[in-house]
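Me: I have a chain open on my screen and would like to know the reasons behind the labels people attach to it. Could you walk me through them?

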Amino acid sequence: MEYRKEKDTIYLRIDRGEDVLETIKSISKKEDVKAGYFQGIGACGRVVISTYLAEKSEYSDHTISGMIEMVSLLGNISAWL
């Protein structure tokens, strides 16, 4: 993983085999990010997709492996202040 910070923006490159969300969380904690958003593109070897089952009020996880192209990665960062 490599990253650089320019003003209020952090540019992050995640290496093969690294967990995307854990890497974003660790950089956010290290740089004391309290609120923000992230976006990205790339490829993954394994993803877990969750489906919300309203009738059961729970999520069902589905794991997919192989060469997976991530055409859009979007999310929010928030921390208890």
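Me: Let's begin with T23. Where does T23 sit?

Reply: Happy to help, and please keep in mind that this is a predicted model. T23 is part of helix α1, which covers residues 20–30.

Me: Why is T23 called buried?

Reply: The relative accessible area of T23 is 7%, and buried means under 20%, so T23 earns the label. Outside the residues up to four places away in sequence, T23 touches M1, L12, I14 and E18.

Me: What makes the link between T23 and D19 a polar contact?

Reply: A polar atom of the T23 side chain lies 2.7 Å from the backbone oxygen of D19. The limit for such a pair is 3.5 Å, so this pair is within it.

Me: Staying in the helix, how do you know whether I27 is buried or exposed?

Reply: I27, also in helix α1, has a relative accessible area of 5%. The cut-off for buried is under 20%, so I27 is buried. With neighbours within four places in sequence left aside, I27 is in contact with M1, Y3, I10 and L12. As for R46, its C-alpha atom is 22 Å from that of I27, with the two positions 19 residues apart along the chain.

Me: What about S28: what label does S28 get, and why?

Reply: S28 lies in helix α1 too. Its relative accessible area is 10%, and buried is anything under 20%, so S28 counts as buried. The S28 side chain reaches the backbone oxygen of I24 at 2.8 Å. Leaving out neighbours within four places, S28 is in contact with V33 and I77.

Me: V33 came up there. Why is V33 called partly exposed?

Reply: V33 has 22% relative accessibility. Buried would need a value under 20% and exposed one over 50%, so V33 falls in between and is partly exposed. V33 is placed in the loop between α1 and β3, the strand of residues 35–53.

Me: Which residues does V33 contact, beyond its neighbours within four places in sequence?

Reply: They are I10, S28, I77 and A79. V33 and A79 are 46 residues apart in sequence, yet their C-alpha atoms are 7.8 Å apart in space.

Me: Now strand β4. What makes H62 partly exposed?

Reply: H62 lies in strand β4 and has a relative accessible area of 36%. Partly exposed is the band between the 20% and 50% cut-offs, so H62 belongs there. Its side chain reaches the backbone oxygen of S60 at 3.5 Å.

Me: Which residues does H62 touch, not counting those up to four places away in sequence?

Reply: H62 touches V47, V48, I49 and T51. For V47, which is 15 residues from H62 along the chain, the C-alpha separation is 8.2 Å.

Me: What is there to say about the phi of K7, and why is K7 called exposed?

Reply: Phi of K7 is near 55 degrees, a positive value in a residue other than glycine. K7 lies in the loop between β1 (2–6) and β2 (9–13). At 80% relative accessibility, K7 passes the mark for exposed, which is over 50%, so the label applies.

Me: And S57: what makes S57 exposed?

Reply: S57 has 55% relative accessibility; exposed means over 50%, so S57 qualifies. S57 is found in the loop between β3 and β4 (58–78), and its phi is positive, about 55 degrees, although S57 is not a glycine.

Me: Stepping back, in what order do the elements of the chain run?

Reply: Starting at the N terminus, the order is β-β-α-β-β, which gives one helix and four strands.

Me: Why is the chain called more spread out than a compact globule?

Reply: Its radius of gyration is 15 Å, whereas the globule rule gives 12 Å for 81 residues. The value is well over the rule, so the chain is more spread out than a compact globule. The C-alpha atoms fill a box of roughly 45 × 35 × 20 Å along the principal axes.

Me: How much of the chain counts as buried?

Reply: Of the 81 residues, 12% count as buried. The accessible surface comes to about 7000 Å², and 52% of that belongs to carbon and sulfur atoms.

Note on methods: Residues are numbered from 1 along each chain as its sequence is written. This is a predicted model: local features need pLDDT of at least 70, side-chain atom pairs count only at pLDDT 80 or more; totals for chains, interfaces and linings use all residues. Side-chain values use heavy atoms; hydrogens and water are left out. Helices (H or I, at least four residues) and strands (E, at least two) are DSSP runs, numbered from the N terminus. The radius of gyration is taken over C-alpha atoms; the globule rule is 2.2 Å times the number of residues to the power 0.38. Buried means under 20% relative accessible area, exposed over 50%, partly exposed in between (1.4 Å probe, protein chains only). Accessible areas come from the Shrake-Rupley method with a 1.4 Å probe; for residues, only the protein chains shown count as cover. A polar contact is a pair of N or O atoms within 3.5 Å; within protein, one must be able to donate a hydrogen and the other to accept it, and residues adjacent in sequence count only if both atoms are side-chain atoms. Contact means heavy atoms within 4.5 Å.
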